[in-house]
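Could you read through this model with me before we discuss it? My notes are set out as numbered points, to be read beside the sequence and the structure.

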Amino acid sequence: MPAATASASASAPVRSPILTILLAWLIPGAGHLFLGRRGRAAIAFVTIAVAFAIGLLMRGPMFQLSANGDLLSRLIQFGGFLGDLATGVLYFAAVWFGYAPPDGAGHAADYGSKFIVAAGLLNILAIVDAYEIATRQKD
Amino acid sequence: MQIHLDHFEVAVLFALFSSIVLGLVTKRTDRERLRYGLQCFGYFMVALFGIGWFMRLLHG
């Protein structure tokens, strides 16, 4: 690590990793913003929000927790639900505004559903990155 | 409002978003991040066209 970067990192104020994770999950990019990385925060927010919006515009259904079906189906539903939930406030807002398209046939809705999950998975990457910055594992 | 994207458009968009975030969360400098993001996008495109042509040859 260069000396200038190391000294900048050492002089940066300590931020709570737990609060960083919570913010980063709730609002994509908010973890980076909290840590003073404005540019990266904006890029993370726009990218994840646009991916999520495209999923909604393709009328992709959200995954639901279900006790029905075989073990594999339930695992897939559970994993998909976690991916949806990882988008934080975007997921809650969509559910709050009554977004619940039917789980119909066709590739568009199928891709839409996967785009929503992908947005959540990308947010998990952003959360991990924010956590590593907060714990000073990286700049 | 509803949008209809075909397989190729969806794959390119997915590659774009994934590459941006992968570039964002790795490396140390902005230059390295940009380079890595572009590299990831390039790999996605190579895989997309490669698998596309492979399936075309497979199906005849």
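The points below go from confidence, through the contact of the chains and the core, to single residues.

1. This is a predicted model, in which local features need pLDDT of at least 70 and side-chain atom pairs count only at pLDDT 80 or more, while totals for chains, interfaces and linings use all residues. Residues are numbered from 1 along each chain as its sequence is written, and chains are lettered from A and ligands numbered from 1 in the order in which they are written.

2. On confidence, the predictor gives the complex an ipTM of 0.90 and a pTM of 0.88. The average pLDDT (the predictor's confidence in each residue, from 0 to 100) is 93 for chain B, where 100% of the residues score at least 70, and 89 for chain A, where 91% of the residues score at least 70. Residues 1–8 of chain A deserve caution, since pLDDT stays under 50 there and the model has 2 contacts beyond four places in sequence for them; a contact here is a pair of residues whose C-beta atoms, placed from the backbone, lie within 7 Å.

3. Where the chains meet, 18 residues of chain A and 16 residues of chain B take part. The chain B side of this contact has 11 nonpolar, 4 polar and 1 charged residues, with Ala, Val, Leu, Ile, Met, Phe, Trp, Tyr, Cys and Pro counted as nonpolar, Asp, Glu, Lys and Arg as charged, and the others, Gly among them, as polar.

4. Helix α7 (residues 107–134) of chain A and helix α1 (residues 7–25) of chain B have axes that come within 10 Å and cross at roughly 5°. The two helices are therefore roughly parallel, a term for angles under 35 degrees; the axes are lines fitted to C-alpha atoms, for helices over the stretch in contact, and angles run from 0 to 180 degrees between N-to-C directions. Helices are DSSP runs (H or I, at least four residues), numbered from the N terminus. Among the residues making the contact are Leu122(A), Leu125(A) and Ala126(A) of α7(A) and Phe14(B), Phe17(B) and Val21(B) of α1(B), and by class this contact has 10 nonpolar, 3 polar and 1 charged residues.

5. The largest nonpolar core, a set of buried Ala, Val, Leu, Ile, Met, Phe, Trp, Tyr and Cys residues joined through C-beta atoms within 7 Å, has 38 residues. A residue is buried if 20 or more other C-beta atoms lie within 10 Å of its own, exposed if 12 or fewer, and partly exposed in between. The largest share of the core, 12 residues, comes from α7(A), and α1 of chain B is one of the elements that give two or more residues. Val21(B) is among the members that touch the most others; leaving aside neighbours within four places in sequence, Val21(B) is in contact with Ala44(A), Thr47(A), Leu122(A), Leu125(A) and Ala126(A).

6. In α2(A), the buried residues are Thr20(A), Leu23(A), Ala24(A) and Trp25(A), and they pack against α3 and α7 of chain A.

7. Two residues merit a look at the backbone. Most residues other than glycine have a negative phi. Arg136(A), in the segment after α7 of chain A, has a positive phi near 65° and, with 13 C-beta neighbours inside 10 Å, counts as partly exposed. Lys27(B), in the loop between α1 and α2 (30–59) of chain B, has a positive phi of about 65° and is partly exposed, with 16 other C-beta atoms within 10 Å.

Note on methods
Angles under 35 degrees count as roughly parallel, over 145 as roughly antiparallel, 65 to 115 as roughly perpendicular and the rest as oblique.
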